[in-house]
Amino acid sequence: MAKWILAAIGVVAAACIGLVALAAVAFWQGASLAARAAEAGIQQARVALESAVPRETRDAAAAQIDTTITALREGRFDAGVLRETVVWLPGALLDGTLDAAETQALWEKIDRLTPEAPPPASG
């Protein structure tokens, strides 16, 4: 009888460990998908972002965008800001362009998304 109880406890424990592992993978994949969506949106907004800064700071702006995209690919980002950006960005890009307020807001989100990135080139 004790063997059956121990076996049942082992099966339940293994099932719990499996569910926790599955939940962790699902959470990571969700964050990964959100990071890819943000990366695609930032790539789409790249021209508007780079053209919104003065010519002398365009290289710095391009470098910051590249740094942010690299950080997203490597999984180095603030999850809360990522969630906020992924929800906000499609609406901002709906008409295919960014107005001045949307451009400023996106620079602020990029700056907060990857805190180790250099400060945004503003214009």
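**Salt bridges, a core and one helix face**

With a relative accessibility of 31%, E84 counts as partly exposed (buried means under 20% relative accessible area, exposed over 50%, partly exposed in between, with a 1.4 Å probe and protein chains only). A quick word before we dig in: this is a predicted model, where local features need pLDDT of at least 70 and side-chain atom pairs count only at pLDDT 80 or more, while totals for chains, interfaces and linings use all residues. Residues are numbered from 1 along each chain as its sequence is written, and side-chain values use heavy atoms, leaving out hydrogens and water.

**Exercise 1.** Find the salt-bridge partner of E84 and say which helices the pair ties together.

*Solution.* Start with the rule: a salt bridge needs a side-chain nitrogen of Lys or Arg within 4 Å of a carboxyl oxygen of Asp or Glu. E84 pairs up with R112, their closest N and O atoms being 2.9 Å apart. Next, place them: E84 lies in helix α3 (residues 79-92) and R112 in helix α4 (residues 100-113), so the bridge ties together parts 28 residues apart in sequence. (Helices are DSSP runs of H or I, at least four residues, and strands are runs of E, at least two, numbered from the N terminus.) R112 is partly exposed too, at 39%. Last step: shared partners join E84, K109 and R112 into one network.

**Exercise 2.** Work out whether E39 and R73 are buried or exposed.

*Solution.* First the contact: their side chains form a salt bridge, 2.7 Å from N to O. The two sit 34 residues apart, E39 in helix α1 (residues 2-51) and R73 in helix α2 (residues 58-74). Now the accessibility: E39 has 14%, so it's buried, whereas R73 has 58% and is exposed.

**Exercise 3.** Identify the element that gives the largest share of the largest nonpolar core.

*Solution.* Such a core is a set of buried Ala, Val, Leu, Ile, Met, Phe, Trp, Tyr and Cys residues joined through side-chain atoms within 4.5 Å. The largest has 22 residues, and those with the most contacts inside it include I42, L72 and W107. Helices α1, α2, α3 and α4 each give two or more residues. The largest share, six residues, comes from α1.

**Exercise 4.** Show where the buried residues of α4 fall around its axis.

*Solution.* List them: T103, L106, W107, K109, I110 and L113. Looking down the axis, they fall within an arc of 165 degrees, so they line one face of the helix (the arc is that of directions from the helix axis to the C-beta atoms). Exposed A100 and A101 are on the face turned away from that buried side.
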